[in-house]
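Biologist: I have a chain to look at and would like to go through its fold. Can we take it step by step?

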Amino acid sequence: MAPKGKVYRGSVKEFPGFDASQDAEALYNAMKGFGSDKEAILDLITSRNNKQRVEICQAYKSQYGKDLIADLKYELTGKFERLIVSLMRPPPYSDAKEIKDAIAGVGTDEKCLIEILASRTNQEIHDLVAAYKDAYERDLEADIVGDTSGHFKKMLVVLLQGAREEDDVVSEDLVEQDAKDLLEAGELKWGTDEAQFIYILGRRSKQHLRLVFDEYLKISGKPIERSIRGELSGDFEKLMLAVVKCVRSTAEYFAERLYKAMKGLGTRDNTLIRIMVSRSEIDMLDIREVFRTKYEKSLYNMIKEDTSGEYKKALLKLCGGDDDAAGEFFPEAAQVAYRMWELSAVAKVELRGTVQPAGSFNDDGDAQVLRKAMKGLGTDEGAIIEVLTQRSNAQRQQILKAYKAHYGRDLMADLKSELSGSLAKLILGLMLTPAQYDAKQLRKAVEGAGTDESVLIEIMATRNNQEIKAINEAYQEAYNKQLEDDLSSDTSGHFKRILVSLALGNRDEGPENLTQAHEDAKVVAETLKLADVSSNDSSDSLETRFLSILCTRSYPHLRRVFQEFIKLTNHDVEHAIRKRMSGDVRDAFLAIVRSVKNKPAFFADKLYKSMKGAGTDERTLTRIMVSRSEIDLLNIRGEFMDLFDKSLHRMIEKDTSGDYRTALLALCGGED
């Protein structure tokens, strides 16, 4: 049960009216004779908590002189047998068995070691060490030392001591120093001082470390996870990332582990079983909540789709319920969302592009290289790519002039004549100024039959006032039309009003106003029908104010509004918009919210979706790689790795081909 003063968050509860002797008899009858009644076994065992199961084992031994676990092993098979038998062991012995299996024989299951030792409390670690000694008459630390090496081994040994400071120990004077020490041990050091990472992440209390991570973000401009990925490697890197994730939110760590165990082809059943068993009486309800919020589907439904038979039935009983049925937000998820907005507000992120001005730049020399690459039979695409992807946009504009002056020819026309397909679109896009390029993309989105709303949303929701002003001027110059007029004639309703408002480029640029933010949060809550209070405003008036808030308030102010919104409603604004709005209006508001929260993460998600699954959305891929290459593509790369556990470079390499791939990889700027 839950510790005193804490709400129980497990999915498996103590069975009322429990009778160990009666349950032992029921299990004996279920296994007696030819075959076994698996349904009866799973119903009974998943309905009792671990303490009651241990008592059933003792009663079974007393009544029948037999070992219940041995009988279950004999009668059941496969994954179902492994799950049921795991439920019968006390948690420390279950963990001990998992670790013994992980280090036995040839090879080591490092992921299992990481999961258990990074996530357990001090007391759970002490109980595990004692259980391992009791079950196998061996010293756990000695066995792990014998089976691992390097800094990975050192950190495991530190965790095995179960000596982390408790959460009420927060050394405020040390927070700033620890953050500084971590920065100096990694980012600011030639090489990495792994010992400093091990000491701070292995010993400090979780609450203290959360403050350290916040401070680290302030002074470095990047989350600690990204520094760990850049400075550490291999199993040691994975272990330290797991520790950080568990410090931030153990429930979120396990939600992610469960999702990865079931996504894609095949299921990692050992991981699925281990987590469902070990967390069923600790925090399964929290894991379910985070899972539902993070992956937009319930854990229950994912298990249902990914498993079968009695194994599935038993897992679903441990899960304890289907959160898709309610379709609502949860307290744990609201806390996570609030924390994300807090981090977004304090982060001082330096935006960095991957394309920098070339040193020793010679516009006339580059013009000659390009002319030579296109002269005569055939085209040297490699030379064109090498020059144009390694020059800043300002330098490319100088090359255009030099080419005209030197050869009396239009470089854009020559490139258009010599190149084709996706490579041509990318290279020609690079030759336009950013405002010209955005104007051209917007024009393509509204001309002809049909409108590409996703392009309108992506550009209009993410550009700042200065960029919007430049786009308006470029659009007028190129097409002799007002952008606002084309947006108005090609869209309708609230979606049109959003785009026209954004096209004015009138977003405030000042700091937050706390009093106003609280009032704005009320309007947002009332519009989304989540407020307990009601106003005298009509529906149209509320929607107008809501639109005005999202389209004209400054980013710092909106971050405060969205934090106040969570306090007021216990919902995250992104989740609420997704649930209560639809179509292009929903997508536009979501783009604004996600841009306010973390613009590089918004573009990382767009890039991932452009390449995942069958086929590649080359228009989106090209548009983002061109438009962000000098602004924040380095930040986007970091977010891509954080969100999807794979590098943008690798995904482009895998998903594209030929000269187009070469050009994209040059813009990407390196492997993370």
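The questions below go from the whole chain to one helix pair and then to the cores.

Biologist: How many helices and strands does the protein chain have?
Modeller: This is a predicted model. Its C-alpha atoms fill a box of roughly 100 × 65 × 60 Å along the principal axes. Buried residues make up 51% of the 672 residues in the chain. The secondary structure comes to 40 helices and zero strands.

Biologist: Are helices α27 and α37 roughly parallel or antiparallel to each other?
Modeller: α27 covers residues 434–446 and α37 residues 618–628, and their axes come within 11 Å. The axes cross at roughly 160°. Angles over 145 degrees count as roughly antiparallel, and therefore α27 and α37 are roughly antiparallel.

Biologist: How many charged residues are in the contact of α27 with α37?
Modeller: On the α27 side the contact is made by Y437, D438, Q441 and K444. R619, T622, R623, V626 and S627 make the contact from α37. By class, two of these residues are nonpolar, three are polar and the charged ones number four.

Biologist: Which helix gives the most to the largest nonpolar core?
Modeller: That core has 105 residues, and L415, I427, L528, L550, I577 and M625 touch the most other members. Beyond its neighbours within four places in sequence, L550 is in contact with residues including F589, I592 and V593. Another core, of 94 residues, lies apart from the largest one. The helix giving the most to the largest core, with 13 residues, is α36 (residues 583–611).

Methods. Residues are numbered from 1 along each chain as its sequence is written. This is a predicted model: local features need pLDDT of at least 70, side-chain atom pairs count only at pLDDT 80 or more; totals for chains, interfaces and linings use all residues. Side-chain values use heavy atoms; hydrogens and water are left out. Axes are lines fitted to C-alpha atoms, for helices over the stretch in contact, and angles run from 0 to 180 degrees between N-to-C directions. Helices (H or I, at least four residues) and strands (E, at least two) are DSSP runs, numbered from the N terminus. Angles under 35 degrees count as roughly parallel, over 145 as roughly antiparallel, 65 to 115 as roughly perpendicular and the rest as oblique. Contact means heavy atoms within 4.5 Å. Ala, Val, Leu, Ile, Met, Phe, Trp, Tyr, Cys and Pro count as nonpolar, Asp, Glu, Lys and Arg as charged, and the others, Gly among them, as polar. A nonpolar core is a set of buried Ala, Val, Leu, Ile, Met, Phe, Trp, Tyr and Cys residues joined through side-chain atoms within 4.5 Å. Buried means under 20% relative accessible area, exposed over 50%, partly exposed in between (1.4 Å probe, protein chains only).
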